[in-house]
Amino acid sequence: MRHGKKFNHLGRTASHRKAMLSNMANSLILHKRISTTLAKAKELKKYVEPLITRAKEDTTHNRRVAFSYLKNKEGIKALFGEVIEKVGSRAGGYTRIIKTGFRLGDNAEMCIIELVDFNELMLKDAKPAKKTTRRSRRGTGKATDAPAAEASKTEGNTEEKSAE
């Protein structure tokens, strides 16, 4: 029976799955963006986000725990260095999954998973928050008078033309 065993096994043995997620997490941390299948990306998100949360506090214990997941010194340096500089102020949601279509060979759904604050194109598109103003229901008087003034001017012009 498999009651209560809800995570995706990705068609691999436990050791293969663990090694694969470790390698993908390293690639994501080092390259900031990787292309993979949607199922793997969703599992990778669950694998990487707790690591990034743990890396916010730079202690020997947290570095050792992260190393047990990543098994790569360069990945640990990048995680505790440049990654935390950018995403350290966030409360969560450090990764973004963007669907890119289907793979030609087996029609698997493909996507790009990336670290949020490293996508320069998305950062440029993000506009600063608009200054919100409250408007009352009553106008200032200028807006309501303008159409009436326009109407009286046009009426005057038609009367002059008809008089000629």
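A nonpolar core is a set of buried Ala, Val, Leu, Ile, Met, Phe, Trp, Tyr and Cys residues joined through side-chain atoms within 4.5 Å. The exercises below concern a predicted model.

**Exercise 1. The nonpolar core**

Determine which residues of the largest nonpolar core touch the most other members, and which elements give two or more residues to this core.

*Solution.*
Step 1. The largest nonpolar core has 30 residues, of which Leu28, Leu44, Val48, Ile52, Leu70, Leu79 and Val83 touch the most other members.
Step 2. Two or more residues come from each of α1, α2, α3, α4 and β3.
Step 3. The most is given by α2, with eight residues.
Step 4. For Ile52, leaving aside neighbours within four places in sequence, the contacts are Leu79, Ile84, Val87, Tyr94 and Leu115.

**Exercise 2. The packing of α2 and α4**

Classify the arrangement of α2 and α4 from the angle between their axes.

*Solution.*
Step 1. Two packed helices are described by the angle between their axes and the distance between the axes.
Step 2. The axes of α2 and α4 come within 10 Å and cross at roughly 90°.
Step 3. Angles of 65 to 115 degrees count as roughly perpendicular, so α2 is roughly perpendicular to α4.
Step 4. At the meeting of the two helices, α2 contributes Leu51, Ile52 and Ala55, while α4 contributes Leu79, Phe80, Ile84 and Val87.

**Exercise 3. The two sides of α3**

Establish how the buried residues of α3 are placed about the helix axis, and identify what covers them.

*Solution.*
Step 1. Helix α3 spans residues 60–70, and Asn62, Val65, Ala66 and Leu70 are buried in it.
Step 2. Viewed down the axis of α3, these buried residues fall within an arc of 130°, so they line one face of the helix.
Step 3. An α-helix has 3.6 residues a turn, so residues three or four places apart point the same way.
Step 4. Thr60, His61 and Arg64, on the other side of α3, are exposed.
Step 5. The cover over the buried residues of α3 includes α1 (14–31), α2 (38–55) and α4 (73–87).
Step 6. After α3 comes Lys71, with a positive phi near 55°.

**Exercise 4. The setting of Asp117**

Decide whether Asp117 counts as buried or exposed, and describe its contacts.

*Solution.*
Step 1. Asp117 lies in the loop between β3 (109–115) and α5 (120–125).
Step 2. Buried means under 20% relative accessible area; Asp117, at 14% relative accessibility, therefore counts as buried.
Step 3. Leaving aside neighbours within four places in sequence, Asp117 is in contact with Lys86, Val87, Arg90 and Leu123.
Step 4. With Arg90, the contact is polar and joins side chain to side chain (3.3 Å).

Note on methods. Residues are numbered from 1 along each chain as its sequence is written. This is a predicted model: local features need pLDDT of at least 70, side-chain atom pairs count only at pLDDT 80 or more; totals for chains, interfaces and linings use all residues. Side-chain values use heavy atoms; hydrogens and water are left out. Buried means under 20% relative accessible area, exposed over 50%, partly exposed in between (1.4 Å probe, protein chains only). Helices (H or I, at least four residues) and strands (E, at least two) are DSSP runs, numbered from the N terminus. The arc is that of the directions from the helix axis to the C-beta atoms. Contact means heavy atoms within 4.5 Å. A polar contact is a pair of N or O atoms within 3.5 Å; within protein, one must be able to donate a hydrogen and the other to accept it, and residues adjacent in sequence count only if both atoms are side-chain atoms. Axes are lines fitted to C-alpha atoms, for helices over the stretch in contact, and angles run from 0 to 180 degrees between N-to-C directions. Angles under 35 degrees count as roughly parallel, over 145 as roughly antiparallel, 65 to 115 as roughly perpendicular and the rest as oblique.
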